[in-house]
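Subject: Structure for your review

Dear colleague,

Please find below the structure that I promised to hand over to you. After it, I set out what was found there, topic by topic.

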Amino acid sequence: MATNGHSGHPMKWFKDQNAARHAYECAICLEVLKDPVQIQDCGHQFCELCIQDILRSDPRCPSCRIDISYAKIFEDQAARRQIKQLHVNCCNEGCSWMGCLSSLLQDHQNSCNFLIGRADNAHQLDVWKLQRKLQILMLKVSTLEKKQEDDIKELTLKHENELKQLKSKHDEDLKALREEFLVSQSAQAAHAPQKVQKPLTPPEPEPAYTWKIANFTRKLLIARSDNQLGSLESEPFFSIHGYKMRLEVNLNEGPRNYVGFLGVYMGLLMSDRDGILPWPFTKRCSFVLVDQQDDVGKRQNIQKSFVPEGENNFKRPRQRANTGRGFPDFVLHTTLHTRQYIRDHAVYIKIIVDP
């Protein structure tokens, strides 16, 4: 008797199917509207779950093809009340019950003597309601994130234009001052000794590398809801000794039987410096999850370390990269919310390589 959670009320329930189809048929699932919503601009009605699928794939009205968005859709309470008063039949074989739709859903559906598997279906509607609320919440979060990204882009563009104007004025002023200075110092400059500039040396690599993972909250939510590892990789970097490295993170180690954990790893990459380096790599490496609260003295960073002991992972790479090594149980997801390890939806993971 219950629907599958992705369509309207089955047309076969209704005593006057022609009238129900004419007044309340959803143009997407072709059933009677369930949780009806209405598009503000054109007035077309659809099931709430049906129109959510449309918003995710092709945000246009299925009936008239105008552009639509979540903000232009509202619950049609009048249609909901009218549909609940429509006369329906119990479609369980052998049952002759008749009444309004609201009575069917609230009372008869779960008490019908001809219902098979009633115990399994007792809480099915509640599950669908929770699923629908979750989908609506995810859609709202996605909409807010997109608006935030658009606002940031707009502010960034405005800031860049202002910087360009200031730089242009600065360059003009600097050019005028330079010309004035050259004219006043031309005689002295002709007799001045030639200065030899020393070649610039490139900056030395830092003993520590810090990786910022932006939009961490959303990426972790997706990895956990899809039961995926949620693997991420940092940009390659060089240690203070000249080894080329990369950090890797698995946001959700659940598929590897470390349920509720975030894992962190380090891998060695091939580089043109490998021929002058000692192998295998033997330096102590420490992973640090940074506590981002403002008072540095009160921070409680999370740190775990390992020392390579001749594993193949730390021999000279013969392909693009060696298999990484680290900790699949680096930190619990619940621990991330105990302090400011996540701030502005971002986390910072640092690797420190001993001298």
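A residue is called buried when its relative accessible area is under 20%, exposed when that area is over 50%, and partly exposed in between. Arg60, with a relative accessibility of 33%, is therefore partly exposed. Please keep in mind throughout that this is a predicted model.

Salt bridges

Arg60 is a good place to begin, as its side chain meets that of Asp58 in a salt bridge, with 3.2 Å from N to O. Asp58 also counts as partly exposed, because its relative accessibility is 29%. These two residues belong to a network of salt bridges that links Asp58, Arg60 and Arg65. By the rule applied here, the count of salt bridges comes to 17.

Another of them joins the side chains of Asp151 and Lys147, at 3.1 Å from N to O. Asp151 and Lys147 are four residues apart in helix α6, so about one helical turn separates them. Asp151 has a relative accessible area of 32% and is therefore partly exposed.

A further salt bridge is formed by Arg343 and Asp294, whose closest N and O atoms are 2.8 Å apart. This pair links distant parts of the chain, with the two positions 49 residues apart: Arg343 lies in the loop between β13 and β14, and Asp294 lies in the loop between β11 and β12. Arg343 is partly exposed, with a relative accessible area of 27%, whereas Asp294 is exposed, with 62%.

Aromatic residues

How many aromatic pairs does a search of the whole structure find? The search finds nine. In one of them, the ring centres of Phe287 and Phe330 are 6.5 Å apart and the ring planes stand at 75°, so this pair is edge-to-face. It also links distant parts of the chain, since Phe287 is in strand β11 (residues 285–289) and Phe330 is in strand β13 (residues 325–332), 43 residues apart. Are these two residues, Phe287 and Phe330, buried or exposed? Both are buried.

Phe287 and Phe330 are also members of one aromatic cluster, together with Tyr243, Trp279, Phe281, Phe306, Phe314 and Phe327. A contact of another kind involves Arg273, whose charged end sits over the ring of Phe238, 3.9 Å from the ring centre.

Cysteines

The search of the whole structure finds zero disulfides. Why is Cys26 not bonded to Cys29? The sulfur of Cys29 is the closest cysteine sulfur to that of Cys26, but at 3.9 Å it is too far for a bond. A disulfide requires two cysteine sulfur atoms within 2.5 Å. Cys26 is buried, with a relative accessible area of 0%. Cys95 is likewise in no disulfide, and the nearest cysteine sulfur, that of Cys90, is 3.6 Å away. Cys95 counts as buried, because its relative accessibility is 16%.

A nonpolar patch on the surface

Leu134, Leu137, Met138, Val141 and Leu221 make a nonpolar surface patch of about 430 Å². Helix α6 (residues 124–191) contributes the largest share of this patch, four residues. Val141 is found in helix α6, and Val141 counts as partly exposed because its relative accessibility is 35%.

Yours sincerely,

A colleague

Technical notes. Residues numbered from 1 in each chain as written. Predicted model: local features only at pLDDT ≥ 70, side-chain atom pairs only at ≥ 80, totals over all residues. Heavy atoms only, no water. Patch = residues over 30% accessible without salt bridge, like charges linked within 9 Å, V, L, I, M, F, W, Y side chains within 5 Å. Areas by Shrake-Rupley, 256 points an atom, 1.4 Å probe, with all protein chains shown as cover. Salt bridge = Lys/Arg side-chain N within 4 Å of Asp/Glu carboxyl O. Buried < 20%, exposed > 50% of the residue type's maximum accessible area, 1.4 Å probe, protein only. Phe/Tyr/Trp six-rings, centres within 6.5 Å; stacked < 30°, edge-to-face > 60°. Lys NZ or Arg CZ within 6 Å of the ring centre and 35° of its normal.
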